[in-house]
Amino acid sequence: MDKRDYYEVLGVAKAASAEEIKKAYRKKAIEFHPDKNPGNKEAEEKFKEAAEAYDVLSDQQKRERYDRFGHAGVGGAASGGYGGGGMTMDDIFSHFGDIFEGHFGFSGGGFSGGFEGGSRGGRYVNRGSDLRVKVKLNLKEIAFGVEKKIKVKKYVSCTHCHGSGAEGDSGFKTCNTCNGSGVVSRMANTMLGRIQTQAACPTCGGEGKTITQKCSVCQGEGIVSGEDTIAIHIPAGVGEGMQLSMNGKGNAARRGGVNGDLLILIEEEAHPELLRDENDLIYNLLLSFPQAALGATVEVPTVDGKAKMKIEPGTQPGKVLRLRNKGLPAVNHYGTGDLLVNVSVYIPETLTASEKETLTGWDNSPSFQPTPKIKERMFDKFKRFFD
Ligand SMILES: [Zn+2]
Ligand SMILES: [Zn+2]
């Protein structure tokens, strides 16, 4: 795989200042933080990619080499970089753990012990609200999966202040209430006696600093109303009412926190001819009386076209024929449903005089009269229907 440009990875200009690079990395690191994206391999890769980019661009010498020679200038053992297997999570936390300080209430330490979930305390970070959208899919899109591009209105990070909410780098001062730690201690009376609890600082909201001069564009919020076009990959086999989520694609948080998620609610468009029963599809095939009696080759609709089907002579109404694997794939990839074809027979509602005459003649023919054995077989079937 080709390595992406490090400036592109961090989303900064080639001329970006050291401070801008640090800010951009901090933002990426928070967005793709493993604690925020548990079990998400893609986020982990992005997290590592950003760390690698920051490792190079935050070092004046490495950055110069990179600017002149590209990835070749900083790759491999010669540069002391991470060209071989890339950076490990431990590398990242031991080198750049301080980037999270004041943001997660975390200082140094390794990956496993350093972070805690937001609700368990220890980490105070603004989180953008989730964004909800509905996506309507037809049966074909459900059968094969689909990529949908949707335009959403949402809060995006303010580009003027890079989400910090402050006008320029000097627009901040250390918070007086918490002296920059972002955390305040309180004594609380509980059933277990008086205990000391820690909470996000109410003055700075856990950020450890307060804004002295608000950003002129976002008025200190760090976010502005904007628009985003998001490509949503919808896997095959989803169904009405299912919800997918995309990490970090929701609203941006105030002052450079973590983006909310995009929640995608699936709505299913009814098919004009096919019904869905989980992963099976059901089609009601209406045969003419002669087709059912003589046999025929008919076409039945499928999700993406038509299938030919042989009808045996003497096929009874109520018979269910099965086209294997012509249903919908299971969303977990375990198997594919069938297309069930329920046979119905159309009995003519009006007849011409000569047709009536012919049919009257046929009714006296033994072939048209069920034998006791056939009656018994039909009754068995009828009974099973009520079981
Ligand atoms: Zn701003
Ligand atoms: Zn504070």
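The secondary structure of the protein consists of eleven helices and 15 strands, as seen in a predicted model. The protein has 387 residues, and 37% of them count as buried. Its accessible surface comes to about 22,800 Å², and carbon and sulfur atoms account for 51% of that area. Contacts across the sequence can be described as well: among those between residues at least 6 apart, 63% join residues at least 24 apart.

Two zinc ions deserve attention next, beginning with ligand 1. The zinc ion (ligand 1) is coordinated by the SG atoms of Cys-158, Cys-161, Cys-215 and Cys-218, at 2.2 to 2.3 Å. The spacing of these donor residues in sequence is C-x2-C-x53-C-x2-C. The four donor atoms of ligand 1 form angles of 104 to 114 degrees, and the site is tetrahedral. For comparison, the ideal angle for four tetrahedral donors at a metal is 109.5 degrees. Two of the cysteines can be placed with respect to the surface: Cys-215 is buried, with a relative accessible area of 1%, and Cys-218 is likewise buried, at 5% relative accessibility. Both count as buried because their values fall under 20%.

The zinc ion (ligand 2) is held by Cys-175, Cys-178, Cys-201 and Cys-204, each through its SG atom, at 2.2 to 2.3 Å. Here the donor residues follow the spacing C-x2-C-x22-C-x2-C. Why is the arrangement around ligand 2 tetrahedral? The four donor atoms subtend angles of 101 to 114 degrees, and this makes the arrangement tetrahedral; the criterion is that all angles lie between 85 and 135 degrees. Within this site, Cys-178 belongs to the loop between β3 (172-174) and β4 (183-190), whereas Cys-204 belongs to the loop between β5 (193-200) and β6 (209-211), so the pair ties together parts that are 26 residues apart in sequence. Cys-178 counts as buried at 7% relative accessibility, and Cys-204 is buried with a relative accessible area of 4%.

Strand β6 also contains Thr-210. This threonine is buried, with a relative accessible area of 17%. Setting aside residues up to four places away in sequence, Thr-210 touches Gly-171, Phe-172, Lys-173, Thr-174, Cys-175, Thr-203 and Cys-204. Two of these names recur from the zinc site, as Cys-175 and Cys-204 are among the donors of ligand 2.

Another strand residue, Ile-264, lies in β9 (residues 262-268). Is Ile-264 buried or exposed? Ile-264 counts as buried, at 0% relative accessibility. Apart from its neighbours within four places in sequence, Ile-264 is in contact with Val-133, Val-135, Ile-232, Met-242, Gln-243, Leu-244 and Met-246. One of these partners, Leu-244, is 20 residues away from Ile-264 along the chain, and the C-alpha atoms of the two are separated by 5.0 Å.

Two helices may be considered in turn. Helix α2 (residues 18-31) has 14 residues and reaches 20 Å from its first C-alpha to its last, close to the 20 Å expected at 1.5 Å a residue. The buried residues in α2 are Ile-21, Ala-24, Tyr-25, Ala-29 and Ile-30. Helix α11 (residues 372-386) has 15 residues and spans 21 Å from its first C-alpha to its last, close to the 21 Å expected at 1.5 Å a residue. How many of the 15 residues of α11 are buried? The count is zero, and α11 is hardly covered.

The aromatic rings complete the tour. The structure holds seven aromatic pairs. One of them joins Phe-289 and Phe-368; this pair is tilted, with 6.4 Å centre to centre and 45 degrees between the planes. Phe-289 is part of helix α9 (residues 289-294), and Phe-368 sits in the loop between α10 (353-363) and α11, so the pair ties together parts that are 79 residues apart in sequence. Both residues are partly exposed: Phe-289 has a relative accessibility of 31%, and Phe-368 has a relative accessible area of 36%. Elsewhere, ring pairs link Tyr-6, Tyr-7 and Tyr-66 into a cluster.

Note on methods:
Residues numbered from 1 in each chain as written. Chains lettered and ligands numbered in written order. Predicted model: local features only at pLDDT ≥ 70, side-chain atom pairs only at ≥ 80, totals over all residues. Heavy atoms only, no water. Helix = DSSP H or I, 4+ residues; strand = E, 2+ residues; numbered from the N terminus. Buried < 20%, exposed > 50% of the residue type's maximum accessible area, 1.4 Å probe, protein only. Contact = heavy atoms within 4.5 Å. Areas by Shrake-Rupley, 256 points an atom, 1.4 Å probe, with all protein chains shown as cover. Donors = N, O, S within 2.8 Å, 3.2 Å for Na, K, Ca; no water. Tetrahedral: all angles 85-135°; square planar, octahedral: opposite > 155°, others 65-115°. Expected span 1.5 Å × (residues − 1). Phe/Tyr/Trp six-rings, centres within 6.5 Å; stacked < 30°, edge-to-face > 60°.
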